[in-house]
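Visitor: Please choose one part of this chain and take me through it closely. I would like to know what surrounds it and how its neighbours are arranged.

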Amino acid sequence: MASIRQFQVTFDCAEPERLARFWCEVLGYVVPPPPEGFATWDDFDRSLPPAQQDSAFACIDPSGVGPRLFFQRVPEGKVVKNRLHLDVRVGTGLVGEERLATLEAECARLVALGAVRVRLLPADGDNESCIVMQDIEGNEFCLD
């Protein structure tokens, strides 16, 4: 069996483009070019049947290393805790106060974008500190 070489992470959400653009800011991702034959994503969106307009959006890592993020509109809202979440690795290799200062600075940047700080998980004997957050639609993620 061949190994899988690429994958994307898919988010169910209410506002795909808004959430995608938030994650572009968080991760330094970009919106890919529109499909061939369309000057803009708005042009492409207007070509779809009304029920499919504004129903999906994506963003990509400009370096091509990270996974594509895909956002799809669903009718129901988020009700319970995520079973899967992203760890945004901003403190890799840092420990103690230096790590905490880096996490806090990134947390402040993301709160200004509309994220919500949930709680700090302080360092213990096994793990360094991390900050649990929510994106603009309430999806949990960690600053790690």
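Guide: Two strands are taken as paired if DSSP finds at least two bridges between them. By that rule strands E4 and E7 are a pair, running parallel with three bridges; in one of these, Val88 is matched with Leu143 of E7. The model is predicted. Its mean pLDDT over the chain is 92, and 98% of the residues reach at least 70.

The part I have chosen is helix H1, which covers residues 16–27. Of the elements in the chain, H1 has the highest mean pLDDT, 97, whereas helix H2 (residues 41–47) has the lowest, 93. The length of H1 can be checked. At 1.5 Å a residue, its twelve residues should span 16 Å, and the C-alpha atoms at its two ends are indeed 16 Å apart, so the two values agree. Immediately after the helix comes Gly28, with a positive phi of about 75°.

Next, which residues of H1 are buried? They are Pro16, Leu19, Ala20, Phe22, Trp23, Cys24 and Val26. The cover over these residues comes from several elements, including strands E1, E2 and E3, strand E4 (86–88), helix H3 (96–112) and strand E7 (140–143). Strands from two sheets therefore appear in that list, and each sheet can be taken in turn.

The E1-E3-E2 sheet is open, has three strands in that order, and is mixed in its pairing. E1 (8–13) and E2 (56–59) are its edge strands; each has a single partner strand, so one side of each lacks a neighbour in the sheet. On average, neighbouring strands here are turned by 20° against each other, direction ignored. H1 packs on this sheet and touches E1, E2 and E3, with its direction at about 155° to that of E3.

The mixed pairing of this sheet can be followed strand by strand. E1 and E3 are parallel and share six bridges. E2 and E3 (residues 68–73) are antiparallel and share four bridges. Gln72 of E3 takes part on both sides: Asp12 is bridged to Gln72, and Ala56 is bridged to Gln72 as well.

E1 deserves a closer look, since H1 touches E1. In a regular strand the side chains alternate between the two faces of the sheet. E1 shows such an alternation: Val9, Phe11 and Cys13 are buried and point to one face, while Gln8, Thr10 and Asp12 point to the other face and are not buried.

The other sheet is also open and mixed, with four strands in the order E4-E7-E6-E5. Its edges are E4 and E5 (116–121), each paired on one side only. Neighbouring strands in this sheet are turned by 25° against each other on average, direction ignored. H3 packs on this sheet, touching E5, E6 (130–134) and E7, and its direction makes about 10° with that of E6.

Two residues between E6 and E7 lead back to H1. Asp135 lies in the E6–E7 loop. Is Asp135 buried or exposed? The cut-off for buried is under 20% relative accessible area, and Asp135, at 2% relative accessibility, therefore counts as buried. Leaving out residues up to four places away in sequence, Asp135 touches Phe11, Leu19, Phe22, Trp23 and Phe141. Of these, Leu19, Phe22 and Trp23 are among the buried residues of H1. With Trp23 there is also a polar contact of 3.1 Å between the two side chains.

Asn139 sits in the E6–E7 loop too. With a relative accessibility of 11%, Asn139 counts as buried. With residues up to four places away in sequence left out, the contacts of Asn139 are Phe11, Leu19, Lys78, Asn82, Met133 and Gln134. Phe11 and Leu19 thus touch Asp135 and also Asn139.

To sum up, H1 packs on the sheet of E1, E2 and E3, and the cover of its buried residues also includes E4, H3 and E7. From the loop between E6 and E7, Asp135 adds a side-chain polar contact with Trp23 of the helix.

Note on methods. Residues are numbered from 1 along each chain as its sequence is written. This is a predicted model: local features need pLDDT of at least 70, side-chain atom pairs count only at pLDDT 80 or more; totals for chains, interfaces and linings use all residues. Side-chain values use heavy atoms; hydrogens and water are left out. Axes are lines fitted to C-alpha atoms, for helices over the stretch in contact, and angles run from 0 to 180 degrees between N-to-C directions. Contact means heavy atoms within 4.5 Å. The expected span of a helix is 1.5 Å times one less than its number of residues. Buried means under 20% relative accessible area, exposed over 50%, partly exposed in between (1.4 Å probe, protein chains only). pLDDT is the predictor's confidence in each residue, from 0 to 100. A polar contact is a pair of N or O atoms within 3.5 Å; within protein, one must be able to donate a hydrogen and the other to accept it, and residues adjacent in sequence count only if both atoms are side-chain atoms.
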